[in-house]
Amino acid sequence: MSKLSLAVDVAGLRMRNPVMNAAGVLGMSPPILKRVYDSGAGAVVTKSVGPAPRTGHGNPTLVQLSCGALNAMGLPNPGADYYADEIRKLKRMGVPTVASFFGGSVQEFAEVARKLTGAGADALELNASCPNVAEELGMLASDACNVEKVTAAVKDETDLPVFVKLSPNVTDIKAVARAAEQGGADAITAANTLLGIAIDVGFRRPVLTNVTGGLSGPAAKPVALRCVWEVSQAVEVPVIGCGGVATWEDAVEYLLAGASAVQVGTAVTAHGFKVFGDIAEGLERYMAENGFTRVEEVVGLAHEAGRDQKSKADKCSIRV
Ligand code: RRO
C-alpha cells in the first residue's frame, strides 16, 4: 500500500502540501512570507506587483465585517524592480514563491512577468481581477478577449507556470477561464474578492475612501466555491481555490469541488500563522481516515454526485 503524501504538483509548481496564502493578505516582506512557509504552507504568494511604485488608496482601506472583510487597498506596491530583489531574498531562504503581478497594458504585464521570472520566482500569478481600480485595469476582469491577450503575452515572456486569477464579479466565469486557458494559462485561481460596500450610519457615508471594496472571508466562500466548481468543468488546467478558506474542512470542500490547491487569506487575521499548518494537518487526517494516499484522488470527487443531483432536480422542476 502506498504511503500517504500531501505533496502536489500544480502545473509544474511542486509543493509539500496544497496550502498557500492568498496574494495580498501578508504583503511581500520576505521574513513574513518565510514565516508563512515555516508555519506549514506549501508555497507562498506575494502581494501583486506592478511596473512602477504605487501608493494605493488613502485610508480607510479595510473594514472588518461580521461576515469577512472589505478592502480597497488600490494595488499599493513598490514596483517590480524593488520586488525582484525581495523575491531573490525569499528564494535564498528556500521558500517556493509564486509572484503575483499586474500591469496597466498588455506590454506592462509582459514586462513585469519578465522581471519576476528573472528574479527566480517559481510561478507567476497573473492578477486579472483586482476589484479596486478604475481604468482599463478594472475592466480586464470581465473582458475574456483581453484576458486571453494578456495571458498569451505573458506566456511569451516566461517559461514559468502562469496561474491566472479571475474575478467572481462576472456573469460567466467559465468563459473568462476558457479565454485564459486559450491564452496559455497553466492554472486558474478562482477567485478574487467580491465587489461590496459598507456605509457608516453615523457619518452617513461609505466607509472606504474608494467607496466600493473587495469582500473576502466566510461570506465569499460559497461564491468562490461555485466559481471553482464551474471553472473546473470548463477547463483542462488545474484550478486553485481561493475565498474564505479557514479550516481543513473548507480546504476539503474546495478539493472536492475541483481545486488542486487552496489559498488562505482573511483567515490569517482571525487564526494567525498557524492556520496553514492546521489546515495541512487536518487534510492529512481526513485523507488517512478516508483511505486516500494522494491529494489528486480527492480533487473533483463531488462532481459525479453533483451531476446526479442536478439531473434529478431538473426532472422534478415544474414546467409552466
Ligand atoms: O490591492 C487591492 O486593492 C486588491 C487587489 Br490587487 C486584489 O487583487 N484584490 C483585492 O481585493 N484588493
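This report covers the sheet, its flanking helices, the nonpolar cores and two contrasting residues of a predicted model.

## The sheet

Eight strands make up an open sheet. Their order is β3-β16-β15-β10-β9-β8-β7-β4, and the pairing is parallel. At the edges stand β3 (19–21) and β4 (44–45), each paired on one side only.

The β3 edge can be followed in detail. Strand β3 runs parallel to β16 (residues 259–264), and three bridges join the two. Across this pairing, M20 sits opposite Q263 in β16.

## Helices across the sheet

Two helices lie over β15 and β16. Helix α7 (residues 221–234) crosses β10 (187–190), β15 (239–242) and β16. Its direction makes an angle of about 170 degrees with β15.

Helix α8 (residues 248–257) also lies across β15 and β16. For α8 the angle is given against β16: about 145 degrees.

## Nonpolar cores

The largest nonpolar core counts 93 residues. Those with the most contacts inside this core are F101, L116, L126, V164, I188, V264 and F276. Helix α10 (residues 274–289) supplies the largest share, seven residues. Another core lies apart from the largest one. That core has eight residues, among them A72, L194, A198 and L208.

L116 shows the packing in the largest core. Beyond its neighbours within four places in sequence, L116 contacts V49, Y83, I87, A99, S100, F101, A121 and L124. F101, one of these partners, is itself listed among the residues with the most contacts inside the core.

## N127, a buried polar residue

N127 belongs to strand β8 (residues 123–127). Is N127 buried or exposed? N127 counts as buried because its relative accessible area is 9%, under the 20% limit.

Which backbone atom does the side chain of N127 reach? The side chain meets the backbone nitrogen of C130 at 3.3 Å. Setting aside residues up to four places away in sequence, N127 touches S48, S100, F101, F102, F109, K165 and N192. S100 and F101 are thus contacts of N127 and also of L116.

## A270, an exposed residue

A270 is part of helix α9 (residues 267–271). With a relative accessible area of 64%, A270 is classed as exposed, because that value is over the 50% limit.

How far apart are A270 and E125 in sequence and in space? They are separated by 145 residues along the chain and by 25 Å, C-alpha to C-alpha.

Definitions and conventions. Residues numbered from 1 in each chain as written. Predicted model: local features only at pLDDT ≥ 70, side-chain atom pairs only at ≥ 80, totals over all residues. Heavy atoms only, no water. Helix = DSSP H or I, 4+ residues; strand = E, 2+ residues; numbered from the N terminus. Buried < 20%, exposed > 50% of the residue type's maximum accessible area, 1.4 Å probe, protein only. Polar contact = N/O pair within 3.5 Å; in protein donor to acceptor, adjacent residues only side chain to side chain. Contact = heavy atoms within 4.5 Å. Pairing = 2+ DSSP bridges. Axes fitted to C-alpha atoms, helices over the stretch in contact; angles between N-to-C directions. Core = buried A, V, L, I, M, F, W, Y, C linked by side-chain atoms within 4.5 Å.
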